[in-house]
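Biologist: Please place the protein before us, so that we may go through it by question and answer.

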Amino acid sequence: MPLIWPPDENIPPADNDQKEAAEAFRQSGKIVLEASPGTGKTFLGIYLALCAYRLGWTSSESPALFLTFSRNARVQIEQELQRYRHSNWISLDEEKSVEVYNFHAFYFEMIQQKAGTWGCSVNLHPASILERQTRLLQLLPQALQNDKNTINQANLVYALTRFQIGDLTIQGSPLQFDDAILERLIDGANDALRQGRPQYDDFAPLFLNLLEVCPEFIEWIRTKFPVIIIDEFQDTDVIQLEILKKIHPAHLVILYDRYQMIYEWRGARLNRVEQIKNFFNIMPHQEKQLTQLHRCGNQADLAQFIQQLRTDDLLGNNVTSNGSRPWLRICSIPPSRNPVSIENRCLSRLRYRGMIDFQETTAILTRTNSMADYLYEHLRVRSDHGNHYSCRWIGGEDNPDEKIRDMLWRLKQVNSNSDLRSWLGAFLDLLLPQSILNGLGISFSSEFGREIDQIFARRTRVEFRNILNSWTTILSSLTKGNYHVVSSGLNQLVITGNELVAGNGFLDPDLIYYINQLKQSTDKFSPSKSDDEWQEFCNYLENSHLRATYNKLRSPIKGLYILTVHQSKGREFDHVIIPWLSGSGEPSQQAGGRRQRIRYDFNRLEDRKLLYVAITRAKNRVTLVYPQDDPSPFLQNWKLI
């Protein structure tokens, strides 16, 4: 058979490794590819999708399905396809021959089509985190309601009907509740599903269940998506593996990097790639590796360092001597003469002038949620020395997107004018930095929920008189159905928030963006003649917020982001700062209020992979901050100092 590669002038250019992989894919229809950052793994996924189109395997009506783990990666691939078309490398029909989803969005869309299978007659809306937690508290015994492990396991009830807990979370984890509680949790999940409110962890097991009870749906998926491409396969869990086996696509591409597997705690396993190779009978000629680097300048030096780490399980023995590294900046923190917390020592260094450049994307990647939360709260508030910054928080359950979804669920629970006023007050509590809110000594949610003539009645500070003057008309006329006043209230939130920080801090720009989007959606809302107009309004805002979230991802903004390493997967930043690379680790808030330190343990491959992932998030520069009196072994072993 004649080679179809190298491609003609209308296809993006590929290197020899990529052309060889494309030829192997053409011959067998299935291929497994391992690649490190900088070698064009994502590009190759797109390239193979275009190969499938040229071979007649796909079309704009039956596209290749490109699955990613994160929404960010999905947007990145979609934008790459658009760039190729605008560069005249591919046609519009070729662009449409690739359909990109993140896993859970795909699962959700599939179960949405068959919601009636579970007795649901309404459109599905993903449950918010607060909604899910409230539901669980009603189902769990009081003794288990504050146990984090129990809550995490209770979120997996649909998966637990089929898989062992050790397959879904950290291996060896015991189940925290008995069969009677499990049955109660399943009944609660079924009730929520019938009401159209499944939660995030339900999507994959529900889709697997759908494939088992509707074999004709499997055939529809095989016909609709004749080629399936999976990126970051090393992070798949056992449910995703079973889904892929059940679909059994005719053409399959697996892309992975074994050293980026950092989700063991939620079911990823080292042997997952071997399992899929055995199931699909992948032969040696169907396995390829990408080795040629596609970066230049600082990026090339960083990519070479990453390649050297990979040669010996990230131990660093083959890393070249620590000469000049143009991509690396080292910041050491001298010992403190007075007792100072780890958080404050780190915070002081990050405030130094020149550490943050707002003309690029900068990410502070922490080991623990506790450290990320602390830096987010304190870096955006003025201190006696150093700079304060406008920060974007990309937390897990605390990120602005999830907070807004929680607020929209609370809006659905509103029964009175007092509840609605309290809801707007809770929004103001959410918007303000915690230290400024503490300084005011107030909960706006409680205050706004009082009778109108009692709001701020016991407050004498001038700030509260000014707030009352701004809010009196809004709060006195705020009712369900008065959408113009709801819109005015959302607008006033941002005005009041800015007045209260008054140069002493920054409001979260993402929260401001989402609040403004909700205001615009409220202005556009036109109720139909439904039986429950308020619920229609709340659902409308939920749908608008989901669209706003996706649109925001398509327009990355320069500035400072704070997140954990786990939350950074699927993202890239111009500059990555690792703020506390010490031997004893970062502080972490544990269940029951206990505090302990969690460190990057050089003797654990899992921790070596975690720091590897952190460094690979950088496009141009990495800054490592460490204490002189407690440096991490990584610094010497990886020849960073």
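Biologist: Before we go further, is Glu34 buried or exposed?

Modeller: This is a predicted model, in which local features need pLDDT of at least 70, side-chain atom pairs count only at pLDDT 80 or more, and totals for chains, interfaces and linings use all residues. Residues are numbered from 1 along each chain as its sequence is written, and side-chain values use heavy atoms, with hydrogens and water left out. Buried means under 20% relative accessible area, exposed over 50%, and partly exposed in between, with a 1.4 Å probe and protein chains only. Because the relative accessibility of Glu34 is 3%, Glu34 counts as buried.

Biologist: Which side chain is joined to that of Glu34 by a polar contact of 3.3 Å?

Modeller: Glu34 has its place in strand E1 (residues 30–35); helices (H or I, at least four residues) and strands (E, at least two) are DSSP runs, numbered from the N terminus. A polar contact is a pair of N or O atoms within 3.5 Å; within protein, one must be able to donate a hydrogen and the other to accept it, and residues adjacent in sequence count only if both atoms are side-chain atoms. Contact alone means heavy atoms within 4.5 Å, and leaving aside neighbours within four places in sequence, the contacts of Glu34 include Asp257, Lys288 and Arg310. The polar contact of 3.3 Å is with the side chain of Gln289.

Biologist: Which residue has a side chain joined to that of Asp257 by a polar contact of 2.4 Å?

Modeller: Asp257 lies in the loop between strand E5 (251–256) and helix H14 (272–279), and it counts as buried because its relative accessibility is 0%. Leaving aside neighbours within four places in sequence, Asp257 is in contact with several residues, among them Glu34, Ser36 and Gln234. Its side chain makes a polar contact of 3.1 Å with that of Tyr612. The polar contact of 2.4 Å joins it to the side chain of Arg310.

Biologist: Which residue follows helix H1 and has a positive phi?

Modeller: Helix H1 (residues 16–28) spans 18 Å from first to last C-alpha, close to the 18 Å expected, where the expected span is 1.5 Å times one less than the number of residues. At its start, a side-chain oxygen of Asp15 comes to within 2.9 Å of the backbone nitrogen of Asp17. Its buried residues, including Ala21, Ala24 and Phe25, are covered by elements that include E1, E5 and strand E6 (287–290). With phi near 80°, the residue that follows H1 is Gly29.

Biologist: Between which domains does the largest nonpolar core lie?

Modeller: A nonpolar core is a set of buried Ala, Val, Leu, Ile, Met, Phe, Trp, Tyr and Cys residues joined through side-chain atoms within 4.5 Å. The largest has 63 residues, and those with the most contacts inside it include Phe106, Phe233 and Ile254. Helix H11 (residues 203–213) gives the most to this core, with 7 residues. Both of the following give residues to the core, so it lies between domain 1 (16–108 + 206–290) and domain 2 (127–197).

Biologist: How many residues does the second, separate core have?

Modeller: This core is separate from the one just described, and it includes Leu411, Leu430, Phe456 and Tyr483. Its size in residues is 47.

Biologist: Which residue caps the N-terminal end of H18?

Modeller: Helix H18 (residues 400–412) has 12 of its 13 residues buried, so it is largely enclosed by the rest of the structure. Those buried residues pack against elements including helix H3 (71–86), helix H19 (417–431) and helix H25 (533–553). At the N-terminal end, a side-chain oxygen lies 3.0 Å from the backbone nitrogen of Asp401, and the capping residue is Asn399.

Biologist: Which three residues supply 60% of the area that domain 2 buries against domain 4?

Modeller: The domain bounds come from an automatic or database domain assignment, which places domain 4 at 400–554. The centres of domain 2 and domain 4, taken over C-alpha atoms, are 31 Å apart, and 7 residues of domain 2 are in contact with 7 residues of domain 4. Together they bury about 640 Å², 56% of it on carbon and sulfur atoms; buried area is the accessible area (1.4 Å probe) that two parts lose on being put together, summed over both. The share of 60%, more than any other three residues supply, comes from Ser128, Leu130 and Arg197.
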